[in-house]
Amino acid sequence: AIDNAIITFSKGPAGTGKTYIAAAMAAEAIAKGEIDQIIITRPAVEAEEEFGFLPGDLDEKFAPYFAPVRKILEERLGAGTVEYMLKAGQIEIAPIAFLRGHTFKDAWVLFDEAQNSTPKQMRLFLSRIGENCKVIIDGDMAQKDIDGPCGLNNAIHVMHGHPQVRVIEFDTDDIVRSGIAKDIIMRYDSFESNEGEIGRDAINSIVSERATGR
């Protein structure tokens, strides 16, 4: 999908390699000189925690959010090369809030954790795409930490049918992080599904009792 499209959306549970595949292929492309730059962005949203003010400049503030992708790039390119590319601007960390006026050109752009973006943020992001650009947008709806509409799902609907867009949906069978991670996610999914069934059964029972006058 990434090879044959400009925009690739990937959705699915944790541990399916969504971020790893995108970052590893981007590292390969820049190592071969096929692109000039790797751009990484993601919503600055914590997993149901608020850390408040973070000290330092913009790069230092965003570093914790960039860490998972940086680790993959360092594995593929080497820590020294990644550090050099960051200083040279060949690898750019671009928070969504600062994307206005940007044009993505001769680059691979990775939008990680897109389940936490709003439709307005996603529209801003997608409208930055310029020439010779690959864009990979990934997310896991089970880890959505914002209220309201989701930019990832909204964009998939808006862009449905476009010839330069692909949508890949992973499921629990695709989890490769570890056997225990796969078991954990499957058990949580089953538990949450059963909770929903129990809730519906209880409501149906109440409705039935009211209908019969009990």
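At 3% relative accessibility, N116 counts as buried in this predicted model, because buried means under 20% relative accessible area. You can find N116 in the loop that runs between β4 and α4. What does the side chain of N116 meet there? One of its polar atoms lies 2.6 Å from the backbone nitrogen of D145. D145 also appears among the contacts of N116 when neighbours within four places in sequence are left aside; the others are P43, V45, Q121, Q143, K144 and I146.

**The nonpolar cores**

Next, let's look at the inside of the protein. The largest nonpolar core has 23 residues, and those with the most contacts inside it are F9, V109, M122, F125 and I137. Which elements give two or more residues to this core? They are the strands β1 (7-11), β4 (107-111) and β5 (133-139), together with the helices α4 (119-126) and α5 (151-158). The largest share, 4 residues, comes from α4.

I137 is a good residue to click on if you want to explore this region. Leaving aside its neighbours within four places in sequence, I137 is in contact with I7, T8, F9, S10, F111, A114, M122, F125, L126 and L152. Apart from this core lies another one, with 22 residues, among them A23, I35, L77 and V82.

**Charged pairs**

Now for the charged side chains. Side chains of opposite charge can pair when their charged atoms come close. How many salt bridges does a search of the whole structure find? The search finds 3, and here they are:

| Salt bridge | N to O distance |
|---|---|
| K32 and E28 | 2.9 Å |
| R70 and E74 | 2.9 Å |
| R70 and E83 | 2.6 Å |

Take K32 and E28 to begin with. Is K32 buried or exposed? With a relative accessibility of 54%, K32 counts as exposed, because exposed means over 50% relative accessible area. Its partner E28 has a relative accessible area of 40%, so E28 is partly exposed.

R70 takes part in the other two pairs in the table, with E74 and with E83. Why are R70 and E74 separated by about one helical turn? The reason is that they are 4 residues apart in helix α2 (residues 58-77). Both are partly exposed: R70 has a relative accessible area of 23%, and E74 has one of 26%.

The salt bridge between R70 and E83 has its closest N and O atoms 2.6 Å apart. This pair links distant parts of the chain, with R70 in helix α2 and E83 in helix α3 (residues 79-88), 13 residues apart. E83 is partly exposed too, at a relative accessible area of 32%. Through salt bridges that share partners, R70, E74 and E83 are joined into one network.

**A nonpolar patch on the surface**

Finally, turn to the surface. Which residues make a nonpolar patch of about 340 Å² there? I180, I184 and Y188 make it. I184 lies in helix α6, which covers residues 179-211. With a relative accessible area of 42%, I184 is partly exposed. A residue needs over 30% relative accessible area to belong to such a patch, so I184, at 42%, passes that cut-off.

Technical notes:
Residues are numbered from 1 along each chain as its sequence is written. This is a predicted model: local features need pLDDT of at least 70, side-chain atom pairs count only at pLDDT 80 or more; totals for chains, interfaces and linings use all residues. Side-chain values use heavy atoms; hydrogens and water are left out. Patches are made of residues with over 30% relative accessible area and no salt bridge: like charges are joined within 9 Å, nonpolar side chains (Val, Leu, Ile, Met, Phe, Trp, Tyr) within 5 Å. Accessible areas come from the Shrake-Rupley method with a 1.4 Å probe; for residues, only the protein chains shown count as cover. A salt bridge is a side-chain nitrogen of Lys or Arg within 4 Å of a carboxyl oxygen of Asp or Glu. Buried means under 20% relative accessible area, exposed over 50%, partly exposed in between (1.4 Å probe, protein chains only). A nonpolar core is a set of buried Ala, Val, Leu, Ile, Met, Phe, Trp, Tyr and Cys residues joined through side-chain atoms within 4.5 Å. Contact means heavy atoms within 4.5 Å. A polar contact is a pair of N or O atoms within 3.5 Å; within protein, one must be able to donate a hydrogen and the other to accept it, and residues adjacent in sequence count only if both atoms are side-chain atoms.
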